[in-house]
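Biologist: I should like to learn how to read salt bridges, ligand contacts, buried positions and surface patches in a model. Could we take them one at a time?

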Amino acid sequence: MEPLKETWHKKIIPTERLNLSVFAANKIEVDVLRLDLIDPVISGNKWFKIKNYLAIAKDKNLKTILTFGGPYSNHIVAAACAAFREGFHSIGIIRGEEPSNWSHTLKTAAGFGMQLEFVNRKSYKEMSAESSIPIMTRKYPEACIIPEGGAGKPGIEGSADILHLVENKLYDEIICTVGTGTMFAGLANGSDSQQFIRGISVLKGMQDQGVPMEKEIKNKKKLKYCGVHHDYHFGGYAKKNDELIKFMNHLYTESGIPTDFVYTAKLIYAVVDLARKQQFSVGSKLLIIHSGGLQGNGSLAPGTLIF
Ligand SMILES: *Cc1c(COP(=O)(O)O)cnc(C)c1O
């Protein structure tokens, strides 16, 4: 199988103008960085969050990577596929008892040779905690442990490389979705000092947490703005309603851009809503990071989406 490293080159990952009437009416220009096109399986930001862990594993001559996730996790699939392509064995610790019907996510991960270990929620929480890394390392001495969602320093550093794919200086704002905040922190660190870095949280009840991974953001004082909106989670992680689904289908008809209902649909919905509310300065140029995740739409009923 071809090495992946070539596929995240600038020439292959396009930045597309998103022409919606609400943007024209409010005199802003919006581009979308199509990280969803990076690879059919290791889609979006996941490659950037994983690649430095694979480099560490190589350096330490470890043959296996081990990571954590739920039964629909984009990270699990991406880790399984990246490991397979780069010649590693992989172990996935999966949250919750083994379901009688495996999700398409789990089937795909297993198809890439990932060894799946189902653990109940309590054990999952313990095993995936940062403080358990030494215990896990003793239990799996052959494995490089990747935190859930790639949420560690190597994941942040890898995410900063996303901005090497674009002419960063062209943009007044970079806007991305926020799960663990790893990508957000990476973008903030990789950003040109004059920018806004705006995150759209997909989790409920995070208002009080402030900026996620704030301690890791070295560049914060130099940025014009670095903050997260908490009003666009649609009821919480992986929650959706008819309005969101309608938006996804409408956006696809207007622009040809497919989105996923967990992350990127909420992101672009938020940008449209903020534009309608005139939250962007007239004349600004925005870059939306399409962080992929389309495989997650596989859990929707057939026919829900037109793409
Ligand atoms: C995992 C994922 C995210 C979340 O990234 P964080 O670094 O955890 O904030 C965003 N978008 C998509 C499509 C994802 O799969």
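Modeller: Let us begin with one side chain, bearing in mind that this is a predicted model. Lys 220 counts as partly exposed because its relative accessibility is 29%, and partly exposed covers the range between under 20% for buried and over 50% for exposed.

Biologist: Which residue does the side chain of Lys 220 meet in a salt bridge?

Modeller: The partner is Glu 214, with an N to O distance of 2.6 Å. Glu 214 is partly exposed as well, at a relative accessible area of 38%.

Biologist: How many salt bridges does the structure hold?

Modeller: There are 16. To count as one, a side-chain nitrogen of Lys or Arg must lie within 4 Å of a carboxyl oxygen of Asp or Glu. Another example joins the side chains of Glu 126 and Lys 122, at 3.6 Å from N to O.

Biologist: Where do Glu 126 and Lys 122 lie?

Modeller: Both belong to helix H5, residues 121-128, and four residues, about one turn of the helix, set them apart. With a relative accessible area of 45%, Glu 126 is partly exposed. Lys 122 reaches 62% and therefore counts as exposed.

Biologist: Is Asp 273, which also takes part in a salt bridge, buried or exposed?

Modeller: Asp 273 is buried, because its relative accessible area is 10%. The side chain of Asp 273 meets that of Arg 276 at 3.7 Å, N to O. Arg 276, in contrast, is exposed, with a relative accessible area of 52%. The two residues lie in helix H10 (residues 264-276), three residues apart, which is about one turn of the helix. Elsewhere, salt bridges with shared partners link Arg 17, Glu 29, Asp 31 and Lys 285 into one network.

Biologist: Let us turn to the ligand. How many residues surround it, and which are the closest?

Modeller: The ligand is surrounded by 15 residues, and the closest are Lys 46, Asn 74, Gly 179, Thr 180 and Ser 291.

Biologist: Which residues place a polar backbone atom beside an oxygen atom of the ligand?

Modeller: Gly 179 is one of them, its polar backbone atom being 2.7 Å from a ligand oxygen. For Gly 181 the corresponding distance is 2.9 Å, and for Met 183 a polar backbone atom is likewise 2.9 Å from an oxygen atom of the ligand. The protein buries 97% of the 390 Å² that the ligand exposes when taken alone.

Biologist: How should one read a position in the interior, for instance Ala 78? Which residues does Ala 78 touch beyond its sequence neighbours?

Modeller: One begins with accessibility: Ala 78 is buried, with a relative accessible area of 0%. This residue lies in helix H3, residues 74-85. Leaving aside residues up to four places away in sequence, Ala 78 touches Ile 42, Lys 46 and Ile 50. The C-alpha atoms of Ala 78 and Ile 42 are 4.3 Å apart, although 36 residues separate the pair along the chain.

Biologist: Finally, which residues form a nonpolar patch on the surface?

Modeller: Tyr 252, Ile 306 and Phe 307 form such a patch, and together they have about 260 Å² of accessible area. Patch members must have over 30% relative accessible area. Phe 307 is partly exposed at 31%, and its place is in the segment after strand E10, residues 285-290.

Technical notes. Residues are numbered from 1 along each chain as its sequence is written. This is a predicted model: local features need pLDDT of at least 70, side-chain atom pairs count only at pLDDT 80 or more; totals for chains, interfaces and linings use all residues. Side-chain values use heavy atoms; hydrogens and water are left out. Patches are made of residues with over 30% relative accessible area and no salt bridge: like charges are joined within 9 Å, nonpolar side chains (Val, Leu, Ile, Met, Phe, Trp, Tyr) within 5 Å. Accessible areas come from the Shrake-Rupley method with a 1.4 Å probe; for residues, only the protein chains shown count as cover. Buried means under 20% relative accessible area, exposed over 50%, partly exposed in between (1.4 Å probe, protein chains only). A residue is near a molecule or strand if one of its heavy atoms lies within 4 Å of it. A polar contact is a pair of N or O atoms within 3.5 Å; within protein, one must be able to donate a hydrogen and the other to accept it, and residues adjacent in sequence count only if both atoms are side-chain atoms. Contact means heavy atoms within 4.5 Å.
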